[in-house]
Amino acid sequence: MSDTTTAAGPAARLVRPPAGEPARRRDVQGRIAVIKVGGGALTDEAVRRGLARDVVESARAGLRPVVVHGGGPQINALLTRLGLEVRFVAGLRVTTPEILDVARMVLAGRLQRDLVGDLNRYGPWAVGMTGEDAHTMTAVPRETVVDGKPVDLGLVGDVVAVRTGAVRALLDQGRVPVVSPLARGADGRVYNVNADLAASALASALGADRLVMLTDVEGLYARWPHSPEVVPHLTARELEQLLPTLSSGMRPKMEGCLRAVRGGVRTAHVLDGRVPHAVLKAVFGTGGSWPGTVVTADQDG
């Protein structure tokens with residue numbers, strides 16, 4: 001359709017999937033993929049633009065991508081400049097009202113604008129929004145227990161409901177929604193939501209075919225820090241048993257994967273977003289050629 005035609009010129013020369021792509025393109029026609037991009041990847045302009053190019057190429061191939069982005073390093077940098085404390089518990093940011101203001105400023109501000117701008121270098125594809133918009137995401141305070149004791153994380157939310165209407169409307173128009181992980185509660189307060197868990201909730205609600213988690217490591221390491229070996233595949237049950245043993249940084253990502261496949265998403269995939277064409281490898285790869293770690297539902301249902 002005319003309003004999704006890419007711009008002319010060198011910037012519009014997009015990469016193509018590897019050999020065998022016609023069959024793979026047919027496989028993804030009309031399917032939804034939620035792609036979570038970590039804030040670490042967004043600090044490098046070349047990586048960010050490469051990811052944007054891949055997302056647009058996957059959309060041109062018939063996929064319906066939805067991008068959810070984090071912003072941890074960018075939030076930390078601004079908090080440090082403002083003299084505010086940076087504190088994490090169990091991989092989640094402790095969020096006071098002052099820190100929430102900073103998080104909203106970063107996530108819904110320049111960070112999202114840069115990512116939307118990179119996508120729109122190739123045509124009128126991307127539209128930015130947050131989980132607050134159209135009540136897309138509703139959250140409640142997240143309950144966290146550390147060493148058997150409850151910990152107050154402040155304005156950190158867990159998504160309990162997703163209204164998909166606004167996102168589906170954008171997808172039906174041929175757009176790429178770019179979603180910041182903020183949500184409103186029934187109490188009217190705004191909550192900071194971990195981007196991995198926000199992406200997982202959105203993928204489940206949309207009935208996505210896959211969830212792709214782009215991070216700054218190769219995947220889930222089997223015996224970190226003793227070995228760089230990556231676990232290539234896990235079932236939901238295997239991941240559930242492994243989850244309590246994971247590092248705080250990896251735990252929200254793998255928890256998001258577990259929630260997604262238990263919520264009906266066919267595959268959840270964790271891989272290094274800094275690798276060239278990571279999105280295309282996740283979308284067009286076959287079971288034997290996927291990099292990173294793939295999580296699937298239990299075979300017995």
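The lining of the largest cavity divides into eight nonpolar residues, no polar ones and no charged ones. That cavity sits in a predicted model, and a search of the whole structure turns up one cavity of 30 Å³ or more. Its volume is about 50 Å³.

**The cavity**

Which residues line the largest cavity? They are V37, L42, L51, A52, V55, V67, L115 and L119. Two helices, α3 (45-60) and α6 (110-119), each supply at least two residues of this lining. Helix α3 gives the most, with three residues. Rolling a probe the size of a water molecule over the atoms shows where empty space is left.

**The chain as a whole**

The chain has 301 residues, and 53% of them count as buried. Its secondary structure comes to eleven helices and 16 strands. Take the contacts between residues at least 6 apart in sequence: 75% of these join residues at least 24 apart. The accessible surface of the chain is about 13,300 Å². Carbon and sulfur atoms account for 52% of that surface.

**Nonpolar cores**

In soluble globular proteins, nonpolar side chains tend to be buried together. Here the largest nonpolar core holds 86 residues. Which of its members touch the most other members? They are V34, V66, L211, L214 and M254.

V66 shows what such a position looks like. Set aside its neighbours within four places in sequence, and V66 is in contact with I32, A33, V34, I35, V167, L171, P177, V179, L202 and L206. V34 is thus named twice: as a contact of V66, and among the core members that touch the most others.

Apart from the largest core lies another one, of five residues. Its members include V89, L92, V94 and L153.

T144 makes contact with two of those residues, L92 and L153. T144 is found in strand β7 (residues 144-146). Is T144 buried or exposed? T144 counts as buried, because its relative accessibility is 9%, below the 20% cut-off. Not counting residues up to four places away in sequence, T144 touches A90, L92, K149, P150, V151 and L153.

**The pockets**

The two pockets compare as follows.

| Pocket | Volume | Nonpolar residues | Polar residues | Charged residues |
|---|---|---|---|---|
| Largest | about 940 Å³ | 20 | 16 | five |
| Second largest | about 190 Å³ | four | one | three |

The largest pocket has a volume of about 940 Å³. It is lined by 41 residues, and those closest to its centre are G91, D196, G249, M250 and K253. Several elements give two or more residues to this lining: α2 (39-42), α4 (72-82), β4 (92-93), β12 (190-193), α8 (195-206), β13 (210-215) and α10 (251-262). Which element gives the most? Helix α4 does, with four residues.

The second largest pocket holds about 190 Å³ of space. L42, R48, Q74, M105, V106, R110, L111 and D114 line it. Helices α5 (97-107) and α6 are the elements that give two or more residues to this lining. The largest share, three residues, comes from α6.

L42 links two of these spaces. L42 lines the largest cavity, and L42 also lines the second largest pocket. Helix α6 takes part in both linings too: α6 supplies at least two residues to that of the cavity and three to that of the second largest pocket.

**Two residues with positive phi**

A134 is not a glycine, yet its phi is positive, at about 55°. A134 lies in the loop between β5 (126-130) and β6 (137-141). A134 counts as exposed because its relative accessibility is 56%, over the 50% cut-off.

H135 is found in the loop between β5 and β6. Phi of H135 is near 50°, again a positive value in a residue other than glycine. How does H135 count for exposure, and what is its relative accessible area? H135 is partly exposed, because that area is 43%, which falls between the 20% and 50% cut-offs.

Definitions and conventions: Residues are numbered from 1 along each chain as its sequence is written. This is a predicted model: local features need pLDDT of at least 70, side-chain atom pairs count only at pLDDT 80 or more; totals for chains, interfaces and linings use all residues. Side-chain values use heavy atoms; hydrogens and water are left out. A nonpolar core is a set of buried Ala, Val, Leu, Ile, Met, Phe, Trp, Tyr and Cys residues joined through side-chain atoms within 4.5 Å. Buried means under 20% relative accessible area, exposed over 50%, partly exposed in between (1.4 Å probe, protein chains only). Contact means heavy atoms within 4.5 Å. On a 1 Å grid over the protein atoms alone, a cavity is a set of points where a 1.4 Å probe fits but cannot get out, and a pocket is an open set with protein on both sides within 12 Å along at least five of seven lines; lining residues have an atom within 4 Å of a point. Grid points are joined across faces, edges and corners, and a volume is the space filled by probe spheres set on the points. Ala, Val, Leu, Ile, Met, Phe, Trp, Tyr, Cys and Pro count as nonpolar, Asp, Glu, Lys and Arg as charged, and the others, Gly among them, as polar. Accessible areas come from the Shrake-Rupley method with a 1.4 Å probe; for residues, only the protein chains shown count as cover.
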